[in-house]
Amino acid sequence: MADPDFTYAPRLEITDPNAEAFYGQLLRGTTHKLNNLLAVIHGFSSLIMMNDTLEASEVENLTHMKDAAQNASLLSERILTAGGCTKVSSQEVSTDEFITGLDSTVRERFSDKDIPFEIKSSSGLPNLMSDASRLKDVIVELLDNAVDAASETGGSASIEFRPGTDGRVEIVVENTGPTIADMAQIYEPFYTTKDSNHFGIGLTSVAVLCGQLDIPLCGTSADGKTTFVMSVGAV
């Protein structure tokens, strides 16, 4: 984790306890209110679409409205995570069971796009000490990015679990694809090199969650290969 070619993710967190409480309450409250409004839009557009007399153009417009409400609701939830409002609770996690569950979750993402994908694991790894659900969220986000990048160039992707320093476990996510020009910039909120369908806060959320989980995260991108390395506490 000390390789100078790797760029460390910033520890995106609010250090003032009073500010943390205020902004956390503000984000949670705003998201709750926003989701209530979006539920009305989503619900009524669904009811109207049940009318068999609607013209095709009207159905298309209502579908766009419904999809926009759904995407806005998803965005508000992602903002909560990026704002550090997600609760984490670390406990002992079986590394083997975690890898098995991860495989069943992400494998289809790669097979659907015919992207070669490999999960590698060293033998005799200790159990992890982390929040399994949140750690999975981090890895899935990194692998989703790997899917998108690899699909642009017909590349491949992998994730490896291996021994780290100080008894920790390193998790390495790697893919071939376009080189990322500025690794520090990718964690900025709403920064994205993808189309407008992407929110641009996925890696912001990754950096925030890693900070909450006390997981150092660093990455490097060169010569058509991008690598992220996480160092996770172990038992």
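**View 1. Contact of helix H2 with helix H5 in the predicted model.** Arg78, Thr81 and Ala82 of H2 meet Gly202, Thr204, Ser205, Val208 and Leu209 of H5, where contact means heavy atoms within 4.5 Å. Helices (H or I, at least four residues) and strands (E, at least two) are DSSP runs, numbered from the N terminus. By class, this contact of H2 with H5 holds three nonpolar, four polar and one charged residues. Ala, Val, Leu, Ile, Met, Phe, Trp, Tyr, Cys and Pro count as nonpolar, Asp, Glu, Lys and Arg as charged, and the others, Gly among them, as polar. H2 covers residues 56-82, and its axis comes within 8 Å of that of H5 at a crossing of roughly 35 degrees. Axes are lines fitted to C-alpha atoms, for helices over the stretch in contact, and angles run from 0 to 180 degrees between N-to-C directions. The crossing of H2 and H5 is left-handed, a term used if the near helix is turned anticlockwise from the far one by less than a right angle, with right-handed used if clockwise. The model is predicted: local features need pLDDT of at least 70, side-chain atom pairs count only at pLDDT 80 or more, and totals for chains, interfaces and linings use all residues. Residues are numbered from 1 along each chain as its sequence is written, and side-chain values use heavy atoms, with hydrogens and water left out.

**View 2. Packing of helix H4 against helix H5.** H4 (residues 132-153) and H5 (residues 202-212) pack at an angle of about 150 degrees, and their axes are 10 Å apart. H4 is therefore roughly antiparallel to H5; angles under 35 degrees count as roughly parallel, over 145 as roughly antiparallel, 65 to 115 as roughly perpendicular and the rest as oblique. The crossing of H4 and H5 is left-handed. On the H4 side, the contact is made by Arg134, Asp137, Val138, Glu141, Leu142 and Asn145. On the H5 side, the residues are Gly202, Leu203, Val206, Leu209 and Cys210. The contact of H4 with H5 divides into six nonpolar, two polar and three charged residues.

**View 3. Salt bridge between lysine 113 and aspartate 148.** The side chains of lysine 113 and aspartate 148 meet in a salt bridge, 3.8 Å from N to O. A salt bridge is a side-chain nitrogen of Lys or Arg within 4 Å of a carboxyl oxygen of Asp or Glu. Lysine 113 sits in the loop between helix H3 (95-111) and strand E3 (117-121) and aspartate 148 in helix H4, so the pair ties together parts that are 35 residues apart in sequence. Lysine 113 is partly exposed, at a relative accessible area of 44%. Buried means under 20% relative accessible area, exposed over 50%, and partly exposed in between (1.4 Å probe, protein chains only).

**View 4. Network of Glu160, Arg162 and Glu170.** One salt bridge joins the side chains of glutamate 160 and arginine 162, at 3.9 Å from N to O. Another joins arginine 162 and glutamate 170, at 3.0 Å from N to O. Through shared partners, Glu160, Arg162 and Glu170 form one network. Glutamate 160 is partly exposed at 23% relative accessible area, arginine 162 is partly exposed at 29%, and glutamate 170 is buried at 8%. By the same distance rule the count comes to seven salt bridges.

**View 5. Glutamate 188 and aspartate 182 in the loop before H5.** Glutamate 188 lies in the loop between strand E6 (169-176) and H5, and aspartate 182 is placed in the loop between E6 and H5 as well. Glutamate 188 is partly exposed, with a relative accessible area of 39%. Not counting residues up to four places away in sequence, glutamate 188 touches Gly200 and Thr204. Its C-alpha lies 7.9 Å from that of leucine 203, with the two residues 15 apart in sequence. Aspartate 182 is partly exposed at 36% relative accessibility. The C-alpha atoms of aspartate 182 and serine 221 are separated by 8.6 Å, and these residues are 39 apart along the chain.

**View 6. Setting of the close-ups in the chain.** The chain has five helices and eight strands, in the pattern β-α-α-β-α-β-β-α-β-β-α-β-β along the sequence. Its C-alpha trace spans about 65 × 50 × 35 Å along the principal axes. Of the 235 residues, 35% count as buried.
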